[in-house]
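Trainee: Could you take me through one part of this structure in detail? I would like a close look at the metal site and what surrounds it.

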Amino acid sequence: MSTVDAGRDASRDAWRSVWSSLAPIGRDPASGGYLRLSWSPADLAARKWFVTEARARGLAVETDRNGNLWAWWGDPAAGDAVVTGSHLDSVPHGGGFDGALGVASALLAVDALRARNASPRRPIGIVVFTEEEGSRFGVACLGSRLLAGAVDPARARALTDASGTTLAQALAEAGLDPAGIGPEPDRLARIGAFVELHIEQGRQLSRPVGVASGIWPHGRWRLHVAGEGNHAGTTLMADRRDPMLTAAFAVLAVNKEARLLGAHATVGRLVVHPNATNAVPETVTAWVDARAAEQSTLDLLVANVRRRVAERAERDGTTVELVAESVSPAVDFDAALRDRLVAALGPDTPVLGTAAGHDAGVLATAGVPAAMLFVRNPTGVSHSPAEHATDDDCVAGVAALARVLEELAC
Ligand code: GLV
Ligand code: MN
Ligand code: MN
């Protein structure tokens with residue numbers, strides 16, 4: 001076996017060993033997807049996995065006031081740190097790579113640098129942000145937003161999950177002080193560069209690894225429709241005030257407006273009360289996820305949906321409320337950092353934008369020089385168990401991240 005082949009096999013073995021220790025955590029055998037909602041037992045197990053892996057590498061691990069985990073090679077107090085990492089929480093029944101790939105790759109990139117006897121002149125950090133998906137408490141990138149001061153801590157404390165548990169309660173249960181959450185400007189100021197590696201969430205990559213250019217503006221809105229709960233058999237059709245009709249119209253209007261404007265918009269979640277087969281519902285809540293290349297297009301989409309749904313509600317005798325839950329502006333990643341990554345990885349490295357949200361976007365908006373690496377996803381599917389990356393591409397991702405950390409920190 002040649003030295004090159006032996007090196008490739010060792011990298012693949014190292015990848016498989018780390019990945020196979022994380023992959024079973026929170027995986028639902030029935031769907032094959034992940035149920036790692038933040039602060040759930042599965043999320044706690046994944047966090048514990050990270051702490052164990054980081055400590056095994058001699059990294060100093062700390063939990064910040066917002067529950068984000070940090071593992072340090074070098075002293076973060078020195079400042080100008082090079083930080084990588086991503087998140088371990090998932091959407092319900094999501095894929096295994098979204099977030100987790102960036103965390104596992106970060107640990108392996110540290111191993112790769114050490115194998116080369118690298119001695120970083122800047123501290124290197126690995127971060128695991130909490131509640132990136134907003135799947136439990138509704139606000140996407142909650143951990144990084146709190147850190148950056150992009151969400152009001154009082155509002156965050158009062159956010160509730162599907163069973164009515166507040167974020168404050170979940171944090172307290174996990175041993176954190178809910179009163180302490182909020183911006184950490186000093187911690188943020190210590191980050192000289194943040195590079196998040198993430199699985200690509202479309203089919204844009206023909207090579208194993210690419211570099212991100214930016215993120216579309218996007219957000220989530222909660223549409224609450226109230227009508228009159230009543231008997232499904234005895235209520236005359238003309239007498240009904242059925243919120244399901246308004247919600248159904250809203251779902252179609254969201255899709256139509258997105259198509260007309262060249263945007264992306266989705267209703268992926270509905271809560272119906274009382275959710276009974278033989279009752280006209282009393283309320284329907286629908287969540288609208290909308291994204292567009294331009295802020296003006298996104299604004300127009302939301303305004304058009306708001307107007308059309310209000311008109312429909314008038315006809316249905318229902319009332320509607322459309323409230324923003326989390327909104328993110330367009331992100332153009334730091335051009336100098338992006339160019340440095342491309343130069344380090346080779347001039348043919350693809351540069352691509354994304355309509356997916358990331359903690360790197362939140363940090364970039366907060367003024368941190370940020371960049372992203374994307375690893376090819378042959379299915380092009382994400383937020384679903386069909387999300388995939390090959391072992392070879394994951395190994396290429398680790399090598400690219402190690403090269404980037406070396407370029408920036410050593
Ligand atoms: C994050 O995964 C998003 O919703 O874009
Ligand atoms: Mn995601
Ligand atoms: Mn993600």
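Mentor: Happy to; we will go through the metal site, then its ligand, and end with a sheet elsewhere in the chain. Please keep in mind that this is a predicted model.

Let's begin with the manganese ion listed as ligand 3. Its protein donors are His 87 through NE2, Asp 98 through OD and His 198 through NE2, at 2.0 to 2.2 Å from the ion. Read along the chain, these donor residues give the spacing H-x10-D-x99-H. His 87 belongs to strand β3, residues 81-87, while Asp 98 sits in the loop between β3 and α3 (100-115), 11 residues apart from it. With a relative accessibility of 0%, His 87 counts as buried. Asp 98 is buried too, at 6% relative accessible area.

Asp 98 is also your way into the other half of the site. This residue bridges the manganese ions of ligand 3 and ligand 2, which lie 3.6 Å apart. For the manganese ion of ligand 2, the protein donors are Asp 98 (OD), Glu 133, which is listed with OE twice, and His 383 (NE2), at 2.0 to 2.6 Å. The spacing of these donors along the chain is D-x34-E-x249-H. Glu 133 comes from the loop between β4 (124-129) and α4 (142-148), and His 383 from the loop between β15 (370-375) and α12 (391-409), so this pair ties together parts that are 250 residues apart in sequence. The burial of the two is worth a look: Glu 133 counts as buried because its relative accessibility is 5%, under the 20% cut-off. His 383, with a relative accessible area of 40%, is partly exposed.

Now turn to ligand 1. Around it you will find Glu 132, Glu 133, Arg 291, Ala 356, Gly 357 and His 383. Two names on that list are familiar, since Glu 133 and His 383 are donors to the manganese ion of ligand 2. Look next at the polar atoms. A polar side-chain atom of Arg 291 is 2.7 Å from an oxygen atom of ligand 1. Gly 357 contributes through its backbone, with an N or O atom 2.7 Å from an oxygen of the ligand. In His 383, a side-chain N or O atom is 3.0 Å from an oxygen of ligand 1.

While you are in the loop between β4 and α4, stop at Thr 130, which is placed there. Thr 130 counts as buried at 7% relative accessibility. Leaving aside residues up to four places away in sequence, Thr 130 touches Trp 39, Arg 47, Asn 66, Gly 67, Asn 68, Leu 142 and Gly 143.

Finally, the sheet. Four strands make an open, antiparallel sheet in the order β9-β11-β7-β12. Its edges are β9 (264-273) and β12 (319-328), each pairing on one side only. On average, neighbouring strands are turned by 15° against each other, direction ignored. Within the sheet, β7 (residues 218-226) pairs with β12 in the antiparallel sense over nine bridges, and Gly 219 stands opposite Val 327 of β12. Helix α8 (residues 243-261) packs on the sheet and touches β7, β9, β11 (283-291) and β12, with its direction at about 170° to that of β9. Helix α9 (residues 295-316) also packs on the sheet, touching β7, β9, β11 and β12, and its direction makes about 165° with that of β12.

Key: Residues are numbered from 1 along each chain as its sequence is written. Chains are lettered from A and ligands numbered from 1 in the order in which they are written. This is a predicted model: local features need pLDDT of at least 70, side-chain atom pairs count only at pLDDT 80 or more; totals for chains, interfaces and linings use all residues. Side-chain values use heavy atoms; hydrogens and water are left out. Two strands pair if DSSP finds at least two bridges between them. Helices (H or I, at least four residues) and strands (E, at least two) are DSSP runs, numbered from the N terminus. Axes are lines fitted to C-alpha atoms, for helices over the stretch in contact, and angles run from 0 to 180 degrees between N-to-C directions. Contact means heavy atoms within 4.5 Å. Donors are N, O and S atoms within 2.8 Å of the metal (3.2 Å for Na, K and Ca); water is not among the atoms, so sites may look incomplete. Buried means under 20% relative accessible area, exposed over 50%, partly exposed in between (1.4 Å probe, protein chains only). A residue is near a molecule or strand if one of its heavy atoms lies within 4 Å of it. A polar contact is a pair of N or O atoms within 3.5 Å; within protein, one must be able to donate a hydrogen and the other to accept it, and residues adjacent in sequence count only if both atoms are side-chain atoms.
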